[in-house]
Amino acid sequence: MRLIFGIRCPACGMTTSWSYFTRGQWLDSVQVNSGGFLLALVACLGVVLSVICLVKPGVDLMRYQKVAGITALCIALVTFVDWAVRLYQ
């Protein structure tokens, strides 16, 4: 995107954000790419839910499908708003 349009892409800094997140440097993670921070946070929640499903196989995760979809849309919105703010700075 930088080569074609001359601007950074919405996911620029996502890997760095995840790297900071895994080191516990959460403020730096948010500053680099706030969508990356939220995505890493949700991924950790996914790990916790996976462990719960292993321990208690009767858990019905399908009833949380709507919440998961709304969460994904919110993270995408935050990522694009963060991107827009960075473009105009």
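Read along the sequence, the protein follows the pattern α-α-α-α-α, and its secondary structure accordingly comes to 5 helices and 0 strands. The model is a predicted one.

**Overall form**

The radius of gyration of the protein is 16 Å, well over the 12 Å that the globule rule gives for 89 residues, so the protein is more spread out than a compact globule. Taken along the principal axes, the C-alpha atoms fill a box of roughly 50 × 30 × 20 Å. Of the 89 residues in the protein, 18% are buried, and the protein exposes about 6600 Å², of which carbon and sulfur atoms supply 72%. Among contacts between residues at least 6 apart in sequence, 46% join residues at least 24 apart.

**Aromatic pairs and their cluster**

By the ring-centre rule, the count comes to 3 aromatic pairs. One of them joins phenylalanine 21 and tryptophan 26, with 5.9 Å from centre to centre and 35 degrees between the planes, and this pair is tilted. Phenylalanine 21 also pairs with phenylalanine 37: the ring centres are 5.5 Å apart and the planes stand at 65 degrees, so this pair is edge-to-face, the class for planes over 60 degrees apart. The pair of phenylalanine 21 and phenylalanine 37 links distant parts of the chain, as phenylalanine 21 lies in helix α2 (residues 14-22) and phenylalanine 37 in helix α4, 16 residues apart.

The geometry of these two pairs is set out below.

| Pair | Centre to centre | Angle between planes | Class |
|---|---|---|---|
| Phe21 and Trp26 | 5.9 Å | 35 degrees | tilted |
| Phe21 and Phe37 | 5.5 Å | 65 degrees | edge-to-face |

Phe21, Trp26 and Phe37 form one aromatic cluster. Within this cluster, phenylalanine 21 has a relative accessibility of 11% and therefore counts as buried, the cut-off being under 20%, and phenylalanine 37 is buried as well. Tryptophan 26, at 49% relative accessibility, counts as partly exposed, because the value lies between the 20% and 50% limits.

**A nonpolar patch on the surface**

Leu45, Val48, Leu49, Ile52, Leu61, Tyr64 and Val67 form a nonpolar patch on the surface, and together these residues have about 590 Å² of accessible area. Helix α4 (residues 34-55) gives the most to the patch, with 4 residues. Valine 48 is found in helix α4 and is partly exposed, with a relative accessible area of 46%. That value is over the 30% which residues of a patch must exceed, so valine 48 can belong to the patch while remaining short of the over 50% that exposed requires. Helix α4 thus carries valine 48 of the patch and also phenylalanine 37 of the aromatic pair with phenylalanine 21.

Notes: Residues are numbered from 1 along each chain as its sequence is written. This is a predicted model: local features need pLDDT of at least 70, side-chain atom pairs count only at pLDDT 80 or more; totals for chains, interfaces and linings use all residues. Side-chain values use heavy atoms; hydrogens and water are left out. Patches are made of residues with over 30% relative accessible area and no salt bridge: like charges are joined within 9 Å, nonpolar side chains (Val, Leu, Ile, Met, Phe, Trp, Tyr) within 5 Å. Accessible areas come from the Shrake-Rupley method with a 1.4 Å probe; for residues, only the protein chains shown count as cover. A salt bridge is a side-chain nitrogen of Lys or Arg within 4 Å of a carboxyl oxygen of Asp or Glu. Helices (H or I, at least four residues) and strands (E, at least two) are DSSP runs, numbered from the N terminus. Buried means under 20% relative accessible area, exposed over 50%, partly exposed in between (1.4 Å probe, protein chains only). Rings of Phe, Tyr and Trp (its six-membered ring) pair if their centres lie within 6.5 Å; planes under 30 degrees apart count as stacked, over 60 as edge-to-face and the rest as tilted. The radius of gyration is taken over C-alpha atoms; the globule rule is 2.2 Å times the number of residues to the power 0.38. Contact means heavy atoms within 4.5 Å.
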